[in-house]
Every structure is written in structure tokens, then in C-alpha cells.
Amino acid sequence: MQYVKLRNHAKMPQEGFGVFQIPENECEEVVYQAIQTGYRLFDTASSYKNEEAVGRAIQRAVSGGILKREELFITTKAYIQEMGYEKLQEAFARSLDKLGLEYLDLYLIHMPLGDYYGAWRAMEELYQEKKIRAIGVCNFDAARLMDLCYNVNIKPMVNQIERHPHFQRAEDLDVMRRLGVQPQGWAPFAEGLKGMFTEPVLQEIAAKHNKTAAQIILRWNIQQGVVIIPKSVHRERMEENLAIWDFVLDKGDMERIAGLDKNCPSMLDCSRPSEIDRLYDYLENPVLTSL
């Protein structure tokens with residue numbers, strides 16, 4: 001496993017494990033198995049409604065002597081209804097309690113919606129109080145990220161975005177590098193949408209390296225400095241997703257994958273009014289859709 005150093009020098013594993021869409025009644029065992037498999041970064045959110053299960057798995061692994069708490073990098077996020085200075089403070093305390101932790105490694109604003117400036121002020125204070133090791137945002141495009149960075153005391157250390165071969169976001173990555181913000185990609189496989197796993201280019205490169213298309217996608221991300229959080233509820237896939245550190249994609253491979261860019265999201269488009277309606281509707285009808 002390789003690590004990246006955030007702007008404040010905190011070390012973050014470059015590959016982690018996401019728990020979106022894993023039901024509460026399955027999540028504890030899945031996370032525990034992922035810890036056993038070797039994952040050390042775990043990404044959840046208040047809107048996923050499985051923080052307690054993640055916390056139970058962590059406590060089980062720590063009490064069982066598999067690892068120490070400080071070996072883990074735990075992330076959660078505050079959703080739209082938790083934006084605002086006071087609401088964010090309450091949301092942080094609530095998430096920390098559900099996770100059963102004394103501190104978070106990374107706390108993120110989940111959507112560029114609502115009073116996220118007020119929420120950011122509270123996050124800056126929590127960071128300065130050492131209750132969070134790093135703070136950041138999710139789903140901020142280049143323009144919104146730049147605006148936030150130009151108007152806060154502590155810039156985001158991470159921006160978690162939809163990022164996969166069909167939506168490569170070169171401009172966003174360039175802006176993040178310029179601002180010193182670490183890119184993290186959610187849904188690296190785009191949940192297999194738009195024929196991701198059957199792309200001939202990915203299959204050919206996979207055959208060349210004796211790997212799977214999924215492993216090629218993950219390796220392509222990490223070679224560009226992007227932190228990844230693939231998800232699987234199957235132990236063999238967990239192991240497969242971790243087995244990406246023993247090969248390197250060459251220049252030709254990277255150029256061929258660059259040609260797959262459709263330059264549009266497969267999962268989430270915060271520029272569309274209908275998408276904003278859907279995201280706010282989630283507050284009233286919390287179903288497991290793409291968040």
C-alpha cells in the first residue's frame with residue numbers, strides 16, 4: 001500500500017474502502033472482512049446510514065488485536081441538512097458518537113449545496129481543536145472549489161469526486177494540484193454503467209498485464225495521484241481490488257485509457273436542476289441512490 005501526504009502532512013492511504021449502499025445489517029461484517037483483507041481507509045457518510053456498523057467493525061478489529069486505531073484512516077461526511085455552523089457541529093458530534101471514535105481522520109462536506117460556508121467555519125474550528133486530522137469537500141467542481149479556497153482560512157485538503165475512465169476531469173485535477181487539494185475518486189468503476197467493464201481497451205490492457213479491467217481502472221487512478229475507494233461485499237473482490245501494487249501501466253496504456261473520456265458524469269451532475277431536486281428529495285425519501 002502506498003500513501004499520499006496531504007497539505008498538512010497527514011498520511012492518507014491511496015487505496016481505501018467505500019461503504020455506500022451497504023445496508024446497516026451487512027456493513028459491520030463487510031468492513032471487518034475488509035480490515036482483515038488489508039484495507040485501512042474507510043469512507044462512510046451520515047446519509048449512508050451505516051456509520052454505527054462501521055464503528056462496530058472498527059471496535060471489533062481493535063479489541064481483537066488485528067490493528068490499532070491509529071493505523072486506520074476513517075472518513076465520514078455531513079449532508080445537506082447538516083450544513084451551517086451550528087448544524088455542522090451537531091452533525092460532527094452525532095457521527096463521532098455513532099462511529100464510537102474520539103477523533104476523525106477526515107471529515108467532508110458531502111455536497112456543494114446549502115450553507116457550506118457556515119459549515120466550513122465549524123470544520124475549521126474542529127480541525128484546530130484536533131478533533132479532525134484533515135478536512136475537505138465532495139463533489140465540488142473546479143470553479144466552486146476555487147471560490148471556496150479563496151474565501152476560507154484553511155483550504156480543503158481533499159476533494160472527493162466522481163472519477164473514472166468515462167469522466168476523467170483533467171481540468172478539475174489540474175486545479176486541485178494547483179491549490180494543493182488531494183483528489184479522491186468515488187465510484188471508480190461507475191458501478192459498471194455505460195459498459196465500463198466491457199470496454200475493449202480496458203480488456204486488452206488487462207489481458208496484457210494479466211489483470212482484470214477493474215484492476216486496470218484502479219491502477220490508472222493511482223498512477224495519476226488519485227486516492228481511490230472501491231467497494232465490494234465479496235471477499236475475493238476485496239482482495240482483487242487490493243492487488244494493484246505489483247504492476248505499472250506504461251505510457252501507451254495511459255494514452256489509450258485517456259481516449260475513453262466521455263467528459264460527462266455517469267452518476268452525479270450537480271449542474272442539472274433535476275439532480276438538485278433529487279439530492280434535496282433524499283432528505284425526505286432516503287433511498288440508496290447515488291450520493
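Which residues of helix 9 (residues 235-242) are buried? In this predicted model, the buried residues of that helix are Met238, Asn241 and Leu242. They cover an arc of only 100 degrees around the axis, which puts them on the same side of helix 9. As for what lies against them, the buried residues of helix 9 pack against strand 3 (17-18), helix 1 (24-37) and helix 8 (213-222).

**The nonpolar cores**

Met238 also appears among the contacts of Phe17, a residue that touches, among others, Ile22, Val30, Ala34, Tyr39, Leu41, Phe42 and Ile229, when residues up to four places away in sequence are not counted. Phe17 is one of the residues with the most contacts inside the largest nonpolar core, which has 83 residues, and others named with it include Met12, Leu88, Leu104, Tyr107 and Ile109. A second core, separate from this one, has 21 residues, including Ala214, Ile216, Leu249 and Ile257.

**Strand 6 and its neighbours**

Tyr107 and Ile109, two of the residues with the most contacts in the largest core, belong to strand 6 (residues 106-109), where they point one way while Leu106 and Leu108 point the other way, and all of these residues are buried. This can be read alongside a general rule: in a regular strand the side chains alternate between the two faces of the sheet.

Strand 6 pairs in the parallel sense with strand 5 (residues 73-78) over 4 bridges, and within this pairing Leu106 stands opposite Thr75. To get from strand 5 to strand 6 the chain passes through helix 3 (residues 85-99), and this β-α-β crossover is right-handed. Strand 6 also pairs in the parallel sense with strand 7 (residues 135-138), here over 3 bridges, and the bridge partner of Ile109 in strand 7 is Val137. The chain crosses from strand 6 to strand 7 through helix 4 (residues 116-128), and this β-α-β crossover, too, is right-handed.

**Aromatic rings**

The structure holds 7 aromatic pairs, and two of them are set out in the table below.

| Pair | Distance of ring centres | Angle of planes | Kind of pair |
|---|---|---|---|
| Phe20 and Tyr48 | 5.0 Å | 50 degrees | tilted |
| Tyr116 and Phe140 | 5.0 Å | 75 degrees | edge-to-face |

The pair of Phe20 and Tyr48 links distant parts of the chain, since Phe20 lies in the loop between strand 3 and helix 1 and Tyr48 in the loop between strand 4 (41-43) and helix 2 (51-63), 28 residues apart. Both Phe20 and Tyr48 are buried.

The pair of Tyr116 and Phe140 likewise links distant parts of the chain, with Tyr116 in helix 4 and Phe140 in the loop between strand 7 and helix 5 (142-149), 24 residues apart. Tyr116 counts as buried because its relative accessibility is 11%, a value under the 20% limit for buried residues, and Phe140 is buried with a relative accessible area of 0%. In addition, Phe17, Tyr39 and Phe42 form one aromatic cluster, and both Tyr39 and Phe42 are among the residues that Phe17 touches.

**A buried aspartate**

Asp253 lies in helix 10 (residues 251-258), and with a relative accessible area of 3% Asp253 is buried. When residues up to four places away in sequence are left out, Asp253 touches Ile205, Lys208 and His209.

Definitions and conventions. Residues numbered from 1 in each chain as written. Predicted model: local features only at pLDDT ≥ 70, side-chain atom pairs only at ≥ 80, totals over all residues. Heavy atoms only, no water. Buried < 20%, exposed > 50% of the residue type's maximum accessible area, 1.4 Å probe, protein only. Helix = DSSP H or I, 4+ residues; strand = E, 2+ residues; numbered from the N terminus. Pairing = 2+ DSSP bridges. Right-handed = clockwise from strand over helix to strand, strands pointing away. Core = buried A, V, L, I, M, F, W, Y, C linked by side-chain atoms within 4.5 Å. Contact = heavy atoms within 4.5 Å. Arc of directions from axis to C-beta. Phe/Tyr/Trp six-rings, centres within 6.5 Å; stacked < 30°, edge-to-face > 60°.
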